[in-house]
Amino acid sequence: MTDASAPALFTWEFAADPYPAYAWLREHAPVHRTTLPSGVEAWLVTRYPDARQALADARLSKNPVHHSERAHAKGKVGIPGERSADLMTHLLNIDPPDHTRLRRLVSKAFTPRRVAEFAPRVTELTNRLIDSFAARGEADLIHEFAFPLPIYAICDLLGVPAEDQDDFRDWAGMMIRHGGGPRGGVARSVKKMRAYLLELIHRKRAQLGDDLISALIRASDHGEHLTENEAAAMAFILLFAGFETTVNLIGNGTYALLRDPGQRRLLQDSVGRGETDLLATAVEELLRYDGPVELATWRFATEPLTIGGRSIGTGDPVLVVLAAADRDPERFAGPDTLDLARRDNPHLGFGHGIHYCLGAPLARLEGQTALATLLTRLPDLQLAVGPEELRWRGGLIMRGLRTLPVSFTAVRDVVNGQ
Ligand code: HEM
C-alpha cells in the first residue's frame, strides 16, 4: 500500500468517525505526509510508540517561528486570533528555557490542592446547570451543560467577578463557533478577553485575593515574577486550553455512555452505591476512547530527524494524532471497545512530556463530577435523536459534538437553585 491510497481525511464523514481512517494510517502509513484543509503540509504520527516519542522530542519545537512555511504569519497555525491580540507567549507556543520558567511559575499557583479545594464549587455549578433544564425533560447537553460548566468553573477559579462571567461565556462561545462565526469575530473576542484580563490583573494587583489570578501575580521563582502581559497570556491559555477540551470530555463522554447501555449501567450502579473507583477509571477510558483532543498541538522540526523510519525535514510541521495512538492495538487490548474498568490505560489524551496538560486535575474533577451528577439526577437519560443526526465540529485539533439533544423523565427537585 502506498500513501496515495490513503483514505480521505478531514471530510465530514471522517469527522463523524475518524477511527477507521486512523486504523488504516497506523497500519499502512504510520508517519504520513498530508495536505491539511488550510493548504499547510504536515506529518501525521499515528502509532502509540512514535506518538509518545514525538511528544517528548526536544528537537520538535512548539514555537511557530520554526515553521518552514511561515504559515503562522497568515494565521494558519496556532490559536485563531492569538497573533492579532499579541498573546503568543504562552506555554503551548514556547520551548525551554522560557517554557520551564513560565511552567514553574504557573505550577506554584495552579496546584492540585487548589483544584481539590474547588471540588464543592464544581458540584454546586453542575447541580445549578442541571436545575436549569431538569423540569423540561429534554435538553441540549452541549449548550446547556457541557459548554457553560467549564467556563463558569475557570472564571470562578481565576477570580472573574460573577457579574462579568456572562461576557466570558459570549466571548468563549464566539471562539468555539469560529468555523461558522462572523468574520473577524474570533479575533475581536480574543482582543476583548485580553483587554478584560489585563484590566482585571491590574485591579487584583492593587488588592490581592485568594483566587488564581492573585496567585499568578504573587507566584515567584528565585525572585522572578510574571509580567502583567505574561499573567494575561497565562490566564488566557488556561481559559483557552481548559474550555473546549472540557466541553468535549463531557459531550463525547456522555455520548459514548449513551451508546453503550451495558457500560453505562455499570457506571450508574457504581456511582449510585457512592463508589469512586469505577468513575475514575471511566473518565480515563473516555479520554482514551473518544478524547477531546484529536491531534496534539503543532510541533516543528528544528533539525532533520526520523520518526517511525520516515525522514522529517527541518521546519516541517508534525501533528501527533492522539486519537489514533490511543487506539493502537499494539498498546491497548481491544482498543475499539469501551471498557470503563480498564486498568492498563496509559492514554495520551492529556499529552506527554513537558507540555503534559497542566489542567488535568481540574479536567478530571469536572469530568467525574459532571458524569456522576448527570447519571444520578437523570437516571433514564437517553439520546433524543439518532446518532446519524448528530454533527461533529470540523476543527483540526479538537473533537467534539455541535449538539447533544437528550430526553429524560422531568424532575422538579432543585438541588442548587441559587
Ligand atoms: C478533558 C480536558 C482536557 C484535555 C483532554 C486536555 C488535553 C491537553 C493536551 C493533550 C495537552 C498537550 C498538548 C500538546 O502537547 O500539544 C494539554 C496541555 C495543556 N492544558 Fe489541557 N486538557 C484538558 C483540560 C485542561 C484544563 C481544564 C486546563 C486549565 C484550566 C488545561 C490547561 C492546559 C495547559 C495550560 C496546557 C499547556 C501545558 C504546557 O504547554 O506546558 N487543560 N492539554
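Biologist: Which residue in S2 is the bridge partner of threonine 34?

Modeller: Alanine 42 is that partner. Keep in mind that this is a predicted model.

Biologist: What makes S1 and S2 a pair of strands?

Modeller: Two strands pair when DSSP finds at least two bridges between them. Strand S1, residues 31-35, is joined to S2 by 5 bridges. That satisfies the cut-off, so S1 and S2 count as paired. The two strands run antiparallel. Threonine 35 stands opposite glutamate 41 in S2.

Biologist: What lies between the two strands of that hairpin?

Modeller: There are 5 residues between S1 and S2. In this hairpin, glycine 39 takes a positive phi near 95°.

Biologist: Why is S2 called largely enclosed?

Modeller: A residue is buried if 20 or more other C-beta atoms lie within 10 Å of its own. In S2, residues 41-45, 4 of the 5 residues are buried, so the strand is largely enclosed by the rest of the structure.

Biologist: How do you know that S2 also pairs with S8?

Modeller: Count the bridges again. Strand S8, residues 317-320, is joined to S2 by 3 bridges. The cut-off is at least two, so S2 and S8 pair. These strands run parallel. Leucine 44 stands opposite leucine 319 in S8, and valine 45 stands opposite valine 320 in S8.

Biologist: Where do S2 and S8 sit in the sheet?

Modeller: The order is S1-S2-S8-S5-S3 in an open sheet of 5 strands, with mixed pairing.

Biologist: What makes S1 and S3 edge strands?

Modeller: S1 and S3, residues 60-61, each pair on one side only. Helix H3, residues 48-55, packs on this sheet. H3 touches S1, S2, S3, S5 (299-301) and S8. The direction of H3 makes about 125° with that of S8.

Biologist: What is the strand order in the sheet of 3 strands?

Modeller: It is S4-S10-S9, an open sheet with antiparallel pairing. Strand S4 (138-140) and strand S9 (382-383) stand at the edges. Each has a single partner strand, so one side of each is left without a neighbour in the sheet.

Biologist: How do you know that S9 pairs with S10?

Modeller: S9 and S10, residues 405-407, are joined by 2 bridges. At least two are needed, so S9 and S10 pair. Here the strands run antiparallel, and leucine 383 stands opposite valine 406 in S10.

Biologist: Now the helices. Why is H8 called roughly antiparallel to H12?

Modeller: Helix H8 (residues 148-158) and helix H12 (residues 228-258) pack at an angle of about 150°, with axes 8 Å apart. Angles over 145 degrees count as roughly antiparallel, so H8 and H12 earn the term. H8 passes H12 in a right-handed crossing.

Biologist: Which residues of H8 meet H12?

Modeller: Leu149, Pro150, Ile151, Ile154 and Leu158 do. Their partners in H12 include Leu238, Phe243 and Ile250. The residues of this contact divide into 11 nonpolar, 2 polar and no charged.

Biologist: What makes leucine 157 buried?

Modeller: Leucine 157 lies in helix H8. It has 23 C-beta neighbours inside 10 Å; the cut-off is 20 or more, so leucine 157 counts as buried. Leaving aside neighbours within four places in sequence, leucine 157 is in contact with Phe118 and Leu212. Leucine 157 and phenylalanine 110 are 47 residues apart in sequence and 9.4 Å apart in space, C-alpha to C-alpha.

Biologist: At what angle do H12 and H16 pack?

Modeller: The angle between H12 and helix H16 (residues 360-377) is about 35°, with axes 10 Å apart. The crossing of H12 and H16 is right-handed. Among the residues that meet are Gly242, Thr245 and Leu249 in H12 and Leu362, Glu366 and Ala370 in H16. The contact divides into 7 nonpolar, 6 polar and 1 charged.

Biologist: Which hand does the crossing of H9 and H10 have, left or right?

Modeller: H9 passes H10 in a left-handed crossing. The axes of H9 (residues 165-176) and H10 (residues 185-206) come within 9 Å and cross at roughly 145°. Trp171, Met174 and Met175 in H9 meet Gly185, Val186, Ser189, Lys192 and Met193 in H10. These residues divide into 5 nonpolar, 2 polar and 1 charged.

How values were computed: Residues are numbered from 1 along each chain as its sequence is written. This is a predicted model: local features need pLDDT of at least 70, side-chain atom pairs count only at pLDDT 80 or more; totals for chains, interfaces and linings use all residues. Axes are lines fitted to C-alpha atoms, for helices over the stretch in contact, and angles run from 0 to 180 degrees between N-to-C directions. Helices (H or I, at least four residues) and strands (E, at least two) are DSSP runs, numbered from the N terminus. A crossing is left-handed if the near helix is turned anticlockwise from the far one by less than a right angle, and right-handed if clockwise. Two residues are in contact if their C-beta atoms, placed from the backbone, lie within 7 Å. Ala, Val, Leu, Ile, Met, Phe, Trp, Tyr, Cys and Pro count as nonpolar, Asp, Glu, Lys and Arg as charged, and the others, Gly among them, as polar. A residue is buried if 20 or more other C-beta atoms lie within 10 Å of its own, exposed if 12 or fewer, and partly exposed in between; C-beta atoms are placed from the backbone. Angles under 35 degrees count as roughly parallel, over 145 as roughly antiparallel, 65 to 115 as roughly perpendicular and the rest as oblique.
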